[in-house]
Amino acid sequence: MSTLKKVVLVDDDQVNNFVCESIIRNENFADEIISFDWAEDALKYLQEESDKGVDNFPDLIFLDINMPGMDGWSFIHEYKKLPEQATAHCSLFMLSSAVDRKDILTAKSNEEVKEFFSKPLSSEILNIIREDYIQNR
């Protein structure tokens, strides 16, 4: 049995999304993985899922910072407007290749962001999430 029901990936890099999906599947981390190349599309999806009820909302979101159009920070700003009864059960993690210390500090100081991880996603990162965030829910 998987750890989570649903994980959402938000990253404009399709190759990274493919790699993340493969790792999540191989680690049996989630039953369902949904990828979005555009943050705007992810937000629309999340709004629709929150309208359906808490059970439809993802358990976890991996979010990139640097994306065309809406970046990760703008996504978080809009994400905060979603119904709290849905977002309260979802953990948001930054997964980025950003090396700017300011981005990392901003992510770590943002109450919506559980943790900042550097790409690429790995089994080790998934294990950290399992141990530090999922088992303690």
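# Exercises on a predicted model

Lys 52 is exposed, with a relative accessible area of 54%. That residue is a handy starting point for the exercises below, all of which use a predicted model.

## Exercise 1: A charged network

Task: Find which residues are linked with Lys 6 in a network of salt bridges.

Solution:

- Step 1. Start from Lys 52, which forms a salt bridge with Glu 49; the closest N and O atoms are 2.9 Å apart.
- Step 2. Look at the spacing along the chain. Lys 52 and Glu 49 both belong to helix H2 and are 3 residues apart, so about one helical turn separates them.
- Step 3. Move on from Glu 49 to its other partner. Lys 6 also forms a salt bridge with Glu 49, with 3.0 Å between the closest N and O atoms. This pair links distant parts of the chain: Lys 6 sits in strand E1 and Glu 49 in helix H2 (residues 39-52), 43 residues apart.
- Step 4. Put the pieces together: Lys 6, Glu 49 and Lys 52 make up a network of salt bridges.

## Exercise 2: Buried or exposed?

Task: Decide whether Glu 49 is buried or exposed, then do the same for Lys 52.

Solution:

- Step 1. Recall the cut-offs: buried means under 20% relative accessible area, and exposed means over 50%.
- Step 2. Glu 49 has a relative accessibility of 5%, so Glu 49 counts as buried. Lys 6 is buried as well.
- Step 3. Lys 52 comes out at 54%, and therefore counts as exposed.
- Step 4. For a value in between, try Glu 115. Its relative accessible area is 21%, so Glu 115 is partly exposed. The side chain of Glu 115 meets that of Lys 108 in a salt bridge, at 3.7 Å from N to O.
- Step 5. To finish, note how many salt bridges a search of the whole structure finds: 7.

## Exercise 3: The cavity inside

Task: Work out which element gives the largest share of the lining of the largest cavity.

Solution:

- Step 1. Count the cavities of 30 Å³ or more: the structure holds 1. About 50 Å³ of space lies in the largest cavity.
- Step 2. List its lining: Leu 9, Val 10, Asp 11, Asn 16, Asn 17, Cys 20, Phe 62, Leu 63, Asp 64 and Leu 95.
- Step 3. Match the residues to elements. Strand E1 (4-10), helix H1 and strand E3 (60-63) each give two or more residues to this lining.
- Step 4. Pick out the largest share: H1, with 3 residues.
- Step 5. Sort the lining by character. There are 6 nonpolar, 2 polar and 2 charged residues.

## Exercise 4: The largest pocket

Task: Describe how the lining of the largest pocket divides into nonpolar, polar and charged residues.

Solution:

- Step 1. Begin with the volume of the largest pocket, about 190 Å³.
- Step 2. Find the lining residues in the structure. Among them are Tyr 79, Leu 82, Thr 87, Cys 90, Glu 111 and Lys 114.
- Step 3. Divide the full lining by character: 5 residues are nonpolar, 1 is polar and 5 are charged.

## Exercise 5: A nonpolar patch

Task: Find which residues form a nonpolar patch on the surface with Val 19.

Solution:

- Step 1. Locate Val 19 in helix H1 (residues 14-26).
- Step 2. Check its exposure. With a relative accessible area of 33%, Val 19 is partly exposed.
- Step 3. Add the partners. Val 15 and Phe 18 join Val 19 in the patch, and together they have about 290 Å² of accessible area.

## Exercise 6: Two unusual spots in the backbone

Task: Explain why a positive phi and a cis peptide bond deserve a second look.

Solution:

- Step 1. Start with the general rule: most residues other than glycine have a negative phi, and most peptide bonds are trans.
- Step 2. Turn to Asn 28. Its phi is near 50 degrees, a positive value in a residue other than glycine. Asn 28 lies in the loop between H1 and strand E2 (30-36), and at 36% relative accessibility this residue is partly exposed.
- Step 3. Go to Lys 119 and Pro 120, which are joined by a cis peptide bond with omega about 5 degrees. Pro 120 is in the loop between strand E5 (113-118) and helix H6 (123-134).

Note on methods: Residues are numbered from 1 along each chain as its sequence is written. This is a predicted model: local features need pLDDT of at least 70, side-chain atom pairs count only at pLDDT 80 or more; totals for chains, interfaces and linings use all residues. Side-chain values use heavy atoms; hydrogens and water are left out. Patches are made of residues with over 30% relative accessible area and no salt bridge: like charges are joined within 9 Å, nonpolar side chains (Val, Leu, Ile, Met, Phe, Trp, Tyr) within 5 Å. Accessible areas come from the Shrake-Rupley method with a 1.4 Å probe; for residues, only the protein chains shown count as cover. A salt bridge is a side-chain nitrogen of Lys or Arg within 4 Å of a carboxyl oxygen of Asp or Glu. Helices (H or I, at least four residues) and strands (E, at least two) are DSSP runs, numbered from the N terminus. Buried means under 20% relative accessible area, exposed over 50%, partly exposed in between (1.4 Å probe, protein chains only). On a 1 Å grid over the protein atoms alone, a cavity is a set of points where a 1.4 Å probe fits but cannot get out, and a pocket is an open set with protein on both sides within 12 Å along at least five of seven lines; lining residues have an atom within 4 Å of a point. Grid points are joined across faces, edges and corners, and a volume is the space filled by probe spheres set on the points. Ala, Val, Leu, Ile, Met, Phe, Trp, Tyr, Cys and Pro count as nonpolar, Asp, Glu, Lys and Arg as charged, and the others, Gly among them, as polar.
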